[in-house]
Amino acid sequence: MSIDEKQLLQDEARYCSFGDTVHYVNPPKIFTDCEGSYMYDSKGTGYLDLQMWYSAVNFGYKNKRLDQVLHQQIDTLPQVASQYLHPSKIELAKFIAQDAEKKWGEQGRVHFNVGGAQAIDDSLKVVRNAKQGKSFMFAFEGGYHGRTLGASSITSSYRYRRRYGHFGDRAQFIPFPYPFRRPKGMTAEEYADSIVQQFERKFENEYHAIWDPKVQECEYAAFYIEPIQGTGGYVVPPANFFTGLKRVLDKYGILLVVDEIQMGFWRTGKLWSVENFGITPDVLVFAKALTNGLNPLSGLWAKEELINPTTFPPGSTHSTFASNPLGTSVGLEVMKMTHEIDFGKQVCDSGAYFLEGLRDLQTRHPEIGDVDGLGLALRAEICTEDGFTPNRELLDRMVDIGLAGDLEYKGQKRGLVLDVGGYYKNVITFAPSLMISREEIDEAMYLLDQLITRAKKG
């Protein structure tokens, strides 16, 4: 594809708001095509994408089956006002709700919106409504739930709130068990238990500021969690952590809201990442990969007592494009496609192979301080030569080199698309296509080896 890249970048600098994006490199990268696990620039150079639009394109670019469903929907019912019904909205809600009832023994309903942060805001309405208007929430340090005003209030990074005034409803943030950076002398499980114990201490008496023992009531309505932290660096907690936390929440009547926006739809080898930890949510929020990035659609599932029409009546919240037929038709096909085979096993097998490759790289590069993951949600923590001190500068060089498109693989020019996350911005968060082949994983390891070798040379 022939484009005037120089003119496009000049126009972007002049006419586009910089507030709706973050450019990873300067000048920003322009892509013109995509397919499978690859993005392509105007020169036809292939970039192996190991982050797939922040896990929005779980099933590969130009997935033929999903694209065909979108084409069919465009030819039949491409748009309809959200106050009217269409088949795929009802069928998709039924699929998700019946799956939840089968797994958790809980009846519930599904409520749609168009983006992850918007669905988080809807969940805040569900929670506040159910808890008589209580607006205080618990959330985790390192947690990320979006950048609307409501979602920002439960996202731990102050930089997302700093310029927008005082957030009176800002969450109380609790430490998340970060196994690689746990206190010395503790196992990961002991560290997880200690965090739960410190959290439960808040309920010992009224002077710890959140609990009234006379009426057995907490000032806080819900605890918002990502089972695996996304922007926080794909941190996987010890297996005992959430069962301990859920015990405390149930004891003191605090709702559990699970954010599956980035980790949902099989990223961890389960439809929902929370399934890996043996607990049941009261509310579950989803988005991103539901439509494989083809059309904005998000939503939430909530227990019947929280969202039935008497408790949460018509008009409680609304979006013009919620449950749009293009999105729900693709979302329904995603659910059907991934339930026809043992999709979770496919993801876990690929993830194990990918993780083995990362561990092999780690033996040759001491700067890779930690590798971990669940399914195809994987991490590599880039450090100094001591294998522990965060090394953001090295990772920044790696990102620049990867997007320059001049790596080499089997005699061809290649690029590598990486995502940066973590508390210290030194973690590569890998979210490759769930359809990634063994050959593509081998290519990824070859390119990563080449990439870090070049970056270490400065």
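Good morning. I begin with the second largest cavity, whose lining divides by class into 3 nonpolar, 3 polar and 2 charged residues. Please bear in mind throughout that this is a predicted model. The residues around this second largest cavity are Glu226, Pro227, Ile228, Gly230, Asp259, Gln262, Met263 and Ser273. The space inside the second largest cavity is about 40 Å³.

How many cavities of 30 Å³ or more are there by this rule? The count is 2. The largest cavity holds about 70 Å³ of space. Its lining consists of Leu358, Leu361, Ile368, Ala380, Ile382, Met398, Ile428, Phe430, Leu448, Asp449 and Ile452. Two or more of these residues come from each of helix H11 (343-364), strand S14 (377-382), strand S18 (427-430) and helix H13. Which element gives the largest share of that lining? H13 does, with 3 residues. In terms of class, the lining of the largest cavity has 10 nonpolar residues, no polar ones and 1 charged residue.

Helix H13 leads me to the sheet. The sheet is open and has 5 strands in the order S1-S2-S3-S16-S15, and its pairing is mixed. Strand S1 (33-35) and strand S15 (407-409) occupy the edges; each has a single partner strand, so one side of each is left without a neighbour in the sheet. From one strand to the next, the twist averages 35°. S1 pairs with strand S2 (residues 38-40) in the antiparallel sense, over 3 bridges. Within the sheet, Asp33 stands opposite Tyr40 in S2.

Two helices that pack on this sheet deserve mention. Helix H12 (residues 392-404) touches strand S3 (46-49), S15 and strand S16 (412-417) as it packs on the sheet, and its direction makes about 135° with that of S16. Helix H13 (residues 438-456) also packs on the sheet, where it touches S2, S3, S15 and S16. The direction of H13 makes about 145° with that of S15. H13 therefore appears in two parts of this account: it packs on the sheet, and it gives 3 residues to the lining of the largest cavity.I turn next to a pair of helices. The axes of helix H3 (residues 64-76) and helix H10 (residues 325-339) come within 9 Å and cross at roughly 145°. In what sense does H3 pass H10, left-handed or right-handed? The crossing is right-handed. On the H3 side, the contact involves Arg65, Leu66, Val69, Leu70, Gln73 and Ile74. These meet Pro325, Leu326, Ser329, Val330, Glu333, Val334, Lys336 and Met337 in H10. By class, this contact has 9 nonpolar, 2 polar and 3 charged residues.

Finally, I come to the second largest pocket. About 730 Å³ of space lies in it. The lining of this pocket comprises 28 residues. Which of them lie nearest its centre? They are Lys89, Val110, His111, Phe112 and Ser323. Helix H4 (87-104) and strand S4 (108-113) are the elements that give two or more residues to this lining. The lining of the second largest pocket divides into 12 nonpolar, 12 polar and 4 charged residues. Thank you for your attention.

Conventions. Residues are numbered from 1 along each chain as its sequence is written. This is a predicted model: local features need pLDDT of at least 70, side-chain atom pairs count only at pLDDT 80 or more; totals for chains, interfaces and linings use all residues. Side-chain values use heavy atoms; hydrogens and water are left out. On a 1 Å grid over the protein atoms alone, a cavity is a set of points where a 1.4 Å probe fits but cannot get out, and a pocket is an open set with protein on both sides within 12 Å along at least five of seven lines; lining residues have an atom within 4 Å of a point. Grid points are joined across faces, edges and corners, and a volume is the space filled by probe spheres set on the points. Helices (H or I, at least four residues) and strands (E, at least two) are DSSP runs, numbered from the N terminus. Ala, Val, Leu, Ile, Met, Phe, Trp, Tyr, Cys and Pro count as nonpolar, Asp, Glu, Lys and Arg as charged, and the others, Gly among them, as polar. Axes are lines fitted to C-alpha atoms, for helices over the stretch in contact, and angles run from 0 to 180 degrees between N-to-C directions. A crossing is left-handed if the near helix is turned anticlockwise from the far one by less than a right angle, and right-handed if clockwise. Contact means heavy atoms within 4.5 Å. Two strands pair if DSSP finds at least two bridges between them.
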